[in-house]
Amino acid sequence: MTEDTLYGEGGKNMRDPHVDDAFEVRVIRVLVDGVDVGLTGQCRTVQPAPVHLTAPSYHIPFEALNDVRAYLATLDPTSYWHSRFGGQLSGTLDLPPFTGCTTKNGDDLSAMMTLSVSGPGNRVVFRTNACGREETDELGRSIPVPTGQYTPDLYPPGCPAPDALPYPDRPGD
């Protein structure tokens, strides 16, 4: 997760916020006509799924640098992403084949899950709120907080959840 910062005329330019990573994807439950098929809990992608997320570059005026959170609250959250104060990242997730998708009856649904779900270019929208913790490198650039050092149980009291995103339209629905 990176976010380049450039101080320029009139404020701070936040350039190219982006995330390039990979996530293990697990399927917890599958419903067919509203009936749970009873997965055993081991249904997952054979390897982590690569994801590329970006947000637009944006500008924080000098007069807003003392209270960046308040300034960003005046903007549309889809127009920025700040490592500490949230916003929105969007991009794509490439889902590898699935494995371990067996039911309690022993049926292996891995091939069905792969044919139905796996593939490149799946749209992802990731919205965060103002509960993040920011770490910076020696140049003042935002860097990720080390794994396990900032979890939801460590968020400040009263930290609001971001607004829920609408479920995306699917062709044929």
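## Strand S9 and its partners

Eight bridges tie S9 to strand S11 (residues 119-128), and the two run antiparallel. Pairing here takes at least two DSSP bridges between the strands, and strands (E, at least two residues) and helices (H or I, at least four) are DSSP runs numbered from the N terminus. Within this pairing, Gly 91 has Val 124 in S11 as its bridge partner.

S9 (residues 86-95) also takes up strand S6 (residues 49-54), again antiparallel, with four bridges. There, Val 51 is matched with Leu 93 of S9. Then there's strand S8 (residues 81-82), which pairs with S9 over two bridges in the antiparallel sense. His 82 has Gly 86 of S9 as its bridge partner, and a hairpin of three residues carries the chain from S8 into S9.

## About the model

This is a predicted model, with local features needing pLDDT of at least 70 and side-chain atom pairs pLDDT 80 or more, while totals for chains, interfaces and linings use all residues. Residues count from 1 along each chain as its sequence is written, and side-chain values use heavy atoms, leaving out hydrogens and water.

## The disulfide

How many disulfides does a search of the whole structure find? Just one, counting cysteine sulfur atoms within 2.5 Å as a pair. It's Cys 43 with Cys 101, sulfurs 2.0 Å apart. The torsion about their S-S bond is about 65 degrees, so the disulfide is right-handed.

The pair links distant parts of the chain, 58 residues apart: Cys 43 sits in the loop between strands S4 (35-36) and S5 (44-45), Cys 101 in the loop between strand S10 (98-99) and helix H2 (110-117). Both Cys 43 and Cys 101 are buried (under 20% relative accessible area, with a 1.4 Å probe and protein chains only).

Notes
Buried means under 20% relative accessible area, exposed over 50%, partly exposed in between (1.4 Å probe, protein chains only).
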